[in-house]
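Student: Got a minute to go through this model with me? I'd like to see what we can say about it.

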Amino acid sequence: MESLKTRIEALTQEINTIVPATKEELEAYRIKYLGTKGLVKEVFGGMKDVAAENKKEAGQVLNAFKQFAEAHYEKYSHLQQGGNGNSKKIDLSLPGSNVPLGTRHPLRIVENKIVEIFERLGFGVAEGPEIEDDWHNFTSLNMPEDHTARDMQDTFYVSQNPDWLLRTHTSSVQARVLEEGNLPVRVICPGRVYRNETISARAHCFFHQCEGLYIDENVSFADLKQTLYAFVTEMFGEGTKVRFRPSYFPFTEPSAEMDISCTVCGGSGCSLCKHTGWVEILGCGMVHPDLLRNFNIDPEKYTGFAFGMGVERITQIRYQVNDLRLYSQNDVRFLKQFTVKT
Ligand code: DAH
């Protein structure tokens, strides 16, 4: 009995070292171990020398060995198919097929960065619909039907009466947020906007903006300046200067436009800053009291600031992209040049 077990152990080890690589090698294995004159048969022949009381155990050991030897054959049975057996051989050492990785769109990289900076300053993110009604896009923002400011924005109308339009700015999200009535509010609203412009290097019929809105008690112009200054330092780096120029927007009073010192030439003059040393990046101001009233907010109690910036503009400054059309042409050679800069 013991010698039978020793023999089976030795054969088991031997079989484990056999790795047939071709149909012929597999067949050689079959003949040697599983064939009519094979080794499995041979060890079964040892049964007759086993003492009667051990026969039961010996039978179990032998059967287990036979199953093992057959399973080893099955493991390589795929070699049986095909010419010399090589056709089905899987070479696990071959390099995998190359799946090219995509990259983030430059506008998305910049939008994410803008959002991330304002989130650190305590702003939440709010979104609104791209198809808007007249009230949220114009009227509630202090731009009544005959307001001259409506000329500033050529609008795509989806329908008239009721007026549905493609929003011309993300300021419409201000209206959406304010009508919810939860104060104080401090949000940033990124999104796509549409204007009826002829497509060129400097204008497009759709582009992206990021709106900001902060309303609370005692919010002042100083808060506006400090917030935007912090944003500029994070976005364009320490030492970037800012300046505010008086301007006009119907939804803010006073209103301003903000410039930053040119990040390309540092102020000495280049094509980006049109040799002025300054680049305009956004419009801003203190939320107009009439606008607050439109949403039943008491302007004696609450004040706030708002701002709106173009994401394409910030991206152009950051990456020196000179043609707006590149952003929507989906040319991989353009798109794959942008990596996430933090
Ligand atoms: N909505 C303006 C535009 O599209 C940008 C803007 C200016 C937004 C001033 C504001 C703001 O919130 O206060 O040109």
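Student: Let's start with strand β8: how many of its 10 residues are buried?
Tutor: Eight of them, so β8 (residues 252-261) is largely enclosed by the rest of the structure. Keep in mind that this is a predicted model.

Student: Noted. How does β7 pair with β8, parallel or antiparallel?
Tutor: Antiparallel: β7 (residues 242-249) and β8 are linked by seven bridges. The connection from β7 to β8 is a hairpin through two residues. If you want a spot to look at, R243 stands opposite D259 in β8.

Student: And what joins β8 to β9?
Tutor: Eight bridges, with β8 and β9 (residues 278-287) running antiparallel. There, E257 of β8 stands opposite G283 in β9.

Student: I was also looking at E253. How far is D290 from E253 in space, C-alpha to C-alpha?
Tutor: That C-alpha distance is 9.9 Å, while the two residues are 37 apart in sequence. D290 lies in helix α9 (residues 289-294).

Student: Is D290 buried, exposed or partly exposed?
Tutor: D290 counts as partly exposed, because its relative accessible area is 33%. The class in between runs from the 20% limit for buried to the 50% limit for exposed.

Student: Okay, different strand. How many residues of β5 are buried?
Tutor: Eight of the 10, so to speak a mostly covered strand, spanning residues 185-194.

Student: Which way do β5 and β6 run, parallel or antiparallel?
Tutor: They pair in the antiparallel sense, over 10 bridges, with β6 covering residues 206-216. One pair to click on is P190, whose bridge partner in β6 is C210.

Student: What about β1 and β5, parallel or antiparallel?
Tutor: Parallel, with two bridges between β1 (residues 124-125) and β5. G124 has V187 as its bridge partner in β5.

Student: Now the cis peptides. Which residue is joined to P184 by a cis peptide bond?
Tutor: L183, and omega there is about -5 degrees. P184 sits in the loop between α7 (171-180) and β5.

Student: And which residue comes before P162 at its cis bond?
Tutor: That's N161; the peptide bond from N161 to P162 is cis, with omega near 0 degrees. You'll find P162 in the loop between β3 and β4.

Student: Speaking of β3 and β4, what is the strand order of their open sheet?
Tutor: Three strands in the order β2-β4-β3, with antiparallel pairing. β2 and β3 (157-159) are at the edges and have a single partner strand each, so one side of each has no neighbour in the sheet. On average, neighbouring strands here are turned by 40 degrees against each other, direction ignored.

Student: How many bridges join β2 to β4?
Tutor: Three, and those two strands run antiparallel, with β4 at residues 164-166. I131, for instance, has L166 as its bridge partner in β4.

Student: Where is I131 in that sheet, which strand?
Tutor: I131 belongs to β2 (residues 131-133). At 45% relative accessibility, I131 counts as partly exposed.

Student: Which residues make the nonpolar surface patch with I131?
Tutor: V158 and W164, and together with I131 they make a patch of about 280 Å².

Student: Any odd backbone angles? What is phi of N142?
Tutor: Near 75 degrees, which is a positive value in a residue other than glycine. N142 is in the loop between α6 (134-137) and β3. Its relative accessibility is 17%, so N142 counts as buried.

Student: And N218, what is phi there?
Tutor: Near 65 degrees, also a positive value in a residue other than glycine. N218 is in the loop between β6 and α8 (221-236). At 72% relative accessibility, N218 counts as exposed, whereas N142 counts as buried.

Student: Last one, zooming out: what domains is the chain divided into?
Tutor: Domain 1 is 2-81 and domain 2 is 106-335. Their C-alpha centres lie 79 Å apart.

Key: Residues are numbered from 1 along each chain as its sequence is written. This is a predicted model: local features need pLDDT of at least 70, side-chain atom pairs count only at pLDDT 80 or more; totals for chains, interfaces and linings use all residues. Side-chain values use heavy atoms; hydrogens and water are left out. Domain bounds come from an automatic or database domain assignment. Patches are made of residues with over 30% relative accessible area and no salt bridge: like charges are joined within 9 Å, nonpolar side chains (Val, Leu, Ile, Met, Phe, Trp, Tyr) within 5 Å. Accessible areas come from the Shrake-Rupley method with a 1.4 Å probe; for residues, only the protein chains shown count as cover. A salt bridge is a side-chain nitrogen of Lys or Arg within 4 Å of a carboxyl oxygen of Asp or Glu. Helices (H or I, at least four residues) and strands (E, at least two) are DSSP runs, numbered from the N terminus. Buried means under 20% relative accessible area, exposed over 50%, partly exposed in between (1.4 Å probe, protein chains only). Two strands pair if DSSP finds at least two bridges between them. Axes are lines fitted to C-alpha atoms, for helices over the stretch in contact, and angles run from 0 to 180 degrees between N-to-C directions.
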